[in-house]
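Here is my note on the domain arrangement and the internal space. Please read it with the structure open.

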Amino acid sequence: MSCRLGISKQVEGRYQVSSYGFRSGYVALVGRPNVGKSTLLNQLIDFQLSIVTDKPQTTRHEVLGVAHGAGYQIGFLDTPGLIRGRSNRLDRNMRAAVYRSLDRSDIHILVVEPKMPGAIERTLIEEICKTDSPALLVINKVDSVKKGRLLPVIDQYSRLHDFSELLPISAMNNDGVSLLVSLIVQHLPEGSKIMEEDEFTDRSERFLVAEIIRKNIYERYREELPYSAAVSIEEFDDTKLSAGGPVYISAVIYVERIGQKGILVGKKGTSIREVAIEARVAIEELLGHHIYLDIWVRERSDWKDDVDFLEETNYPSIG
Ligand SMILES: Nc1nc2c(ncn2[C@@H]2O[C@H](COP(=O)(O)OP(=O)(O)OP(=O)(O)O)[C@@H](O)[C@H]2O)c(=O)[nH]1
Ligand SMILES: [Mg+2]
C-alpha cells in the first residue's frame with residue numbers, strides 16, 4: 001500500500017528536464033553504515049522519511065522515496081549500511097536488502113565518507129560491476145574535511161571503478177544535492193510514472209510510526225540496547241478520526257534480554273514515558289492528527305532469528 005499521509009508536496013519546477021519523453025527509474029543508495037544515505041534520501045525527496053541517527057546501522061529496511069520533478073520521477077531506495085561478518089537472520093536480511101536494491105535499480109549510487117575506500121566499498125563496487133547500470137560516487141560529509149583531503153580520495157575511487165559521476169556533497173547542509181539530482185536525471189531511462197504526484201513512498205503509516213519510535217530508542221539509549229530493540233505496531237485504529245477523535249496506536253518494543261526491559265522502562269516508567277511523549281509529537285506531525293499512543297515493552301530473546309516475527313515487523317525476507 002502506498003503512503004499518502006495527506007501531505008501535499010511541491011512537484012513542479014524543482015528540477016527542469018528537456019522535452020524528451022517522461023523519464024523514471026530506481027536509484028539505489030548503498031554504502032557502509034553511517035555515511036549519510038538516509039540523510040541524503042530525505043534531502044532528495046524533501047521529507048523526513050527514513051530515520052537518521054548518529055549510530056551506525058540505523059536503517060534496517062529498504063525504504064523507497066520518490067522524488068517528483070518536471071518530466072521525471074526518481075524512486076530512491078535507501079538501504080541498510082552494508083556490514084560483514086555477523087550472521088543472525090536480521091543481519092542476513094539487511095544484507096540481502098542491499099543486494100536486492102542493487103538488482104532493482106537502474107542507477108547505483110555508492111555513498112562514502114571522504115576517506116580512502118575500505119573492504120565494504122570494494123565489495124559494493126564488485127557488486128555494482130556485475131550490472132550494466134551506471135554508477136555514481138557520492139562523497140558525503142565534505143563539510144567535515146578540508147578540500148585538499150578530497151583529491152586523493154577521488155583519485156583512489158576513480159582507479160577502482162569507472163563511475164559515471166563523482167560528486168562531493170554535504171547531505172546535511174543540502175549542498176550539492178540538486179546538482180546530484182540533475183546528474184541522475186541525465187542517466188534516467190525513459191519510463192512511466194512510479195507513483196501519483198501526491199504519493200512518495202510505498203511504506204505504510206504503521207511502518208513509519210514504528211520507525212519513529214525506533215529512532216527515539218536509538219537517540220535515548222546507549223550501547224547495545226537500540227540494537228536489541230524491535231518495534232511492532234499491534235494496533236492502528238483511525239475509526240474515530242471522522243468524529244474528530246485521535247488515532248489510537250498500540251506499539252510493542254521487543255528487547256532481547258529481561259535486563260534491557262528494565263533499562264528501557266526506567267525508574268517508575270519515567271524513561272519509556274519520555275520515549276512515548278517525544279514519539280507522539282513526531283507521529284502527530286507525520287500524520288497530521290492527534291494520536292493516543294500506548295507503548296508496551298516485552299522480552300523476546302530470539303527475535304532476530306525468528307522468521308515469522310521478522311516478516312510481521314516488515315523486515316525484508318531473504319526467502
Ligand atoms: N557532518 C556531516 N554529517 C552528516 C552528513 N550527512 C549525514 N550526517 C550525519 O551522519 C550520521 C549518520 O547519518 P545517516 O543518514 O543515518 O547515515 P546512514 O548511512 O543512513 O546510516 P545507516 O542507516 O546506519 O546505514 C548522522 O548523525 C547524520 O546527521 C553530512 O553531510 N555532514
Ligand atoms: Mg540509514
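The points below take the domains, then their interface, then the cavities.

1. Status of the model. This is a predicted model. Every value below is computed from it, and totals for interfaces and linings use all residues.

2. Domains. The assignment for the protein chain gives domain 1 (23-187) and domain 2 (205-312). Their centres, taken over C-alpha atoms, lie 28 Å apart.

3. Interface. On the domain 1 side, 17 residues are in contact with 19 residues of domain 2. The two domains bury about 1,600 Å² between them. Carbon and sulfur atoms carry 60% of that area.

4. Main contributors. Which three residues supply the most of the area that domain 1 buries against domain 2? They are Ile51, Lys55 and Arg60, with 37% of that area.

5. Salt bridges. The count between domain 1 and domain 2 is zero.

6. Cavities. Searching the whole structure turns up two cavities of 30 Å³ or more. The largest holds about 60 Å³ of space.

7. Lining. The largest cavity is lined by Gln57, Arg60, Arg86, Leu90, Asp91, Met94, Tyr218, Tyr227 and Lys304. By class, four lining residues are nonpolar, one is polar and four are charged. Helix H2 (residues 89-104) gives the largest share, three residues.

8. Link between the two topics. Domain 1 and domain 2 each supply at least three residues to the lining of the largest cavity. Arg60 appears in both lists: it is one of the lining residues, and it is among the three residues that lead the area domain 1 buries against domain 2.

How values were computed: Residues are numbered from 1 along each chain as its sequence is written. Chains are lettered from A and ligands numbered from 1 in the order in which they are written. This is a predicted model: local features need pLDDT of at least 70, side-chain atom pairs count only at pLDDT 80 or more; totals for chains, interfaces and linings use all residues. Side-chain values use heavy atoms; hydrogens and water are left out. On a 1 Å grid over the protein atoms alone, a cavity is a set of points where a 1.4 Å probe fits but cannot get out, and a pocket is an open set with protein on both sides within 12 Å along at least five of seven lines; lining residues have an atom within 4 Å of a point. Grid points are joined across faces, edges and corners, and a volume is the space filled by probe spheres set on the points. Helices (H or I, at least four residues) and strands (E, at least two) are DSSP runs, numbered from the N terminus. Ala, Val, Leu, Ile, Met, Phe, Trp, Tyr, Cys and Pro count as nonpolar, Asp, Glu, Lys and Arg as charged, and the others, Gly among them, as polar. Domain bounds come from an automatic or database domain assignment. Contact means heavy atoms within 4.5 Å. Buried area is the accessible area (1.4 Å probe) that two parts lose on being put together, summed over both. A salt bridge is a side-chain nitrogen of Lys or Arg within 4 Å of a carboxyl oxygen of Asp or Glu.
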